[in-house]
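Me: I have a model open on my screen and would like to understand the labels attached to it. Could you take me through the reasoning?

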Amino acid sequence: MRTTLTVLLLLLAGSLSAQGGPRPKPVLDPSQGAPGARYPALTPDKQTVVFSLHGDLWSIPAAGGRANRLTLHDAYDSRPLVTPDGKQVVFVSDRAGSYDIWIMPIDGGTPRRLTHHFASDVPNAFTADGKNLLFTSTRAMGWSRGGSTEIWSVPLAGGTPTRVTFTGANSASTPDNGDTLYFVSGPSDAKVQEYTGTANDRLYVQRGSQPAEEILYFQGNSREPSISRDGKRLHFTREVNGSFELFFCDTASQTCEQVTSLGEDGLSMVAYAPDDSMIVFGWKFYLWTLDLTAKDAKPKLLKIEIREDSSGEKLVERRFSEGVSRASLSADGRRTVFSLGGDLWVMDANGGTATAVTNDAFQNDNPKFSPDGKTISFYSNRSGNSDIWLIDANGQNLRQFTNNPADEFFQNWSPDGQSIVFCSTRSGNKDIWVRKVDGSAEVQLTTDQANDDDPAFSPDGRFVLFDSGRGSPNSANIWIMDADGGNQRRVYGSTAIEEVPVMSPDGRFILFDRITRGGTFVRQEVVMTDLAGSGEVVIATGAHGCFTPDGKEILFVTADGKLNYTPTPLGIQSGRSVPFVASRKVSEKAEMLKAFDEAHAAYLESFYDPKFHGKDWVALGKQYRALVEASGCREEFLYYLNRMVGEVSASHSGASNRTMFTERTETGYLGLELVPERIQGNRMRLRVAEVEKGGPGDAAWIRKGDYVFRIDRKPLAITDDFYEHLDGKVGVETSLFVADNPEGNNFREVKLTPESWAQRRQRMYMQFVIGNKQAAAQQTRGQVAYVHIPGMNQTALNNFQNELASPAVQGAKALIIDVRDNGGGNIHQQLIDLLSRKPYAYMTLRDGRRINQPTVHWDRPIVVLINERSYSDAEVFPHALKTLGMATIIGVQTPGAVIGTRDIRLSDGTSWRLPSTGFFNWDGTNQEHNGCKPDIEVLITPADILAGRDTQLAKAIEVAQEQARNGGKTPTTTKQPEQPKPNKPLKEGEFTEPAALPWE
């Protein structure tokens, strides 16, 4: 079983498992107090620190001591900030179904919701008068990956937030009431350490209505700016030599000074005293304080003592209706046994409620009923490596069947129930072995140097089916042999991987899995052939098929882990699903540790660089496993997983899972930029600052300069959050009272239907593309055509082919291909093939029309647009065009995030991304951390964004028109350069958009 086995096998090695052997020396030092506290906030008197831990807020004396819990809620509370008067705390919580900002008394009490939006909001800092909070939000995010967050301001007393930045910003600080802003902007992956490139986070300042300007330019990440009250001193963190250190800048002279030299990843989550005399920060997973007034001061540990009654180990109920790994039927066809979440389950063959046979912290897989239905065989890592185990069908009498330092797996029963055939690595590679249930010695059946795997007896017990890599090391075919190992012969195969064969009850047919890997896909199908291998029928898209005892149906597992029957040998369209519910109570901590071990082992096996970019992956696993063991909630578990992979400094990595269980309702969008204004009687009107073209407000004839006074006929108080009234209003007709004057005279009632974020995103994207097409065509009188590729997937490829064949493109003399803000995928080969085609013939029709062969090709100049948000395969594509001399590249160097990846699902449901394939230029240069450099560099500044100027597109039109005017063709390389000898082999893999990061 080549697709999932090896992920489990490393799990089975148990290098991180807490089972067996002497316990290692603890990684965490109990004398330092509770680890894992994050996001400290300091009170104005510098006597108390508020922080988040285990999903709640706590306070502690600044000198250390016993912590006092401030919130106790099932939701995740984090990122506290103490108000300037020291009386209240603002923080982020998902208790309403989205990451909103809440406010509460500093000594505890019922929180009040401050922001209302389904997008994520994160508090940054307070204005100088202490009346307003600056926060970062994704609520204004458009179609592109650029400018995904902006800074907003909201009154602490409550009210409608006002947007204060418009070119992308986060982590703001102000010395006044927001007129001057210091902030961070950049598309960096926050968890990736030691990254240097165009995706770095950079520092900016925005003064009044002037466009933001980058300051203190640095080739690396700069974060967490904090400006003093008088605006003269700026503190921030900067990553130097792999460690974030604190820096100080005199804003008048623009001179910088490094304050700390901590090493070991450095400091983060810095909180400042109002007079900048001290800081509290996170370092090495503890909180520390530092006196900034004392020369050569050393960090002081803020020891956190947690002493409170505990409810004991947290048990959670998990309900599953999908996620099955493998399934099989009992000999009488009445019961199904399957593996799900690392455990074994039994239920009626037609579905229903499943009963857990195992419920432990191990990986248990490939369950098979004995012929009498009394025993289940399976393989498990419970002994420290993979062995075959037996257990009664009622979950009793667990016993070990094989016990060898090598790994055994993928076992099957003989028809008489007296023997079990299995795969073992004890001979140095995978071979087939058999052993009687009475305990006699194992017998080796295959000895070939190729891998032999997935054995299964024929119904009469005379033969053993298996798959083998003989003659094809990168593939596998179906083989058969006599039950004693003699007469081994190939039955069926292709260039794809064929594996896991089983025979029909009448011995006429063989069912097996086929895995086909293409340039842009991996497809797994259940296929059937006859014993002679004379033909095939594709049964279904899925895996692990088995026949019912009468041979009339086939049970298989779908791609999303559901169970389906299909008639033999009809297609999936005639099948029937098997609905089931598997429910159990588990220890959340044990579940997280089990998933952590799976994640670490899978990465250990699959990461494309066996040296892990110079990091000790096993040591990192021990460190972070100890932190997971000390964690108190699911969010902390995901944080540690992402921190661990971030230390390897690789893209296409990370963990994600749903942690919010409160129902989430989407906020409706009106396509209006609204600015709240106070009017008589503490009422509010909203000035329309901008109207998005084609949005609901535009369609309802609302214009810039209008005023909104009511929503759904309700007057608005100055403390109302207008966006709260749009909660759940997507697609629901909404009424606004609108006037063209601030007094509200002659108002009109306007009815409009708010759109969803996805609808808004699509609208804005189409306007972007259409506008660029028109600009290219109008400025060049049709000589230059424009195409944008938003993602490197099959849909985008189809659209590109259609556009390339269109009269507008074929009639042009030059082509601009825009891959800016393209998140990746894997269609670069198909794109290069399309653009490399040469005409070789033509057809003529009776009316004289000429049709070239091939019908679609391109032999004219090409200009490609790239930027710092062209990721993954959108970097491979321009790299290839540069190597082949096929295009002029314009824009900004791509970020250098190029690794082939795939996602696996951990036993707790977490999605875990595995960067398993390196990608190298022809000269051996790793494209990871080495983005494609443009031939002509063109920046887009904040001033350009505010003015609506696309300087990169303008340059592309200029260059393409010049090439078209001169009749010049972009040169193509007819002879490939001599193949180098890179340090690592050239590989090919799947390229997908980097995993979405958690809100924090």
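Me: Happy to start with a charge and a ring. What makes Arg470 count as lying over the face of Trp479?

Reply: Bear in mind that this is a predicted model. Arg470 is 4.6 Å from the ring centre of Trp479, and the cut-off for a charge over a ring is within 6 Å of the centre and within 35 degrees of the ring normal. Arg238 lies over the face of Phe247 in the same manner of contact, at 5.1 Å from the ring centre.

Me: Why is the pair of Trp152 and Tyr723 called edge-to-face?

Reply: Their planes stand at 85 degrees, and over 60 counts as edge-to-face, so the name fits. The ring centres are 6.5 Å apart, and pairing asks for centres within 6.5 Å. Trp152 sits in strand S12 and Tyr723 in the loop between S57 and S58, 571 residues apart. Both residues are buried.

Me: And why is the pair of Tyr379 and Phe409 edge-to-face?

Reply: Here the planes are at 70 degrees, again over 60, so this pair earns the label too. Its centres are 6.3 Å apart. Tyr379 belongs to strand S33 and Phe409 to strand S36, 30 residues apart.

Me: How do you know that Tyr379 is buried?

Reply: Its relative accessible area is 1%, and buried means under 20%, so Tyr379 qualifies. Phe409, at 0%, is buried by that cut-off as well.

Me: What makes S54 and S55 a strand pair?

Reply: Eight bridges join these antiparallel strands, and pairing needs at least two. Leu674 has Val688 in S55 as its bridge partner.

Technical notes: Residues numbered from 1 in each chain as written. Predicted model: local features only at pLDDT ≥ 70, side-chain atom pairs only at ≥ 80, totals over all residues. Heavy atoms only, no water. Helix = DSSP H or I, 4+ residues; strand = E, 2+ residues; numbered from the N terminus. Phe/Tyr/Trp six-rings, centres within 6.5 Å; stacked < 30°, edge-to-face > 60°. Buried < 20%, exposed > 50% of the residue type's maximum accessible area, 1.4 Å probe, protein only.
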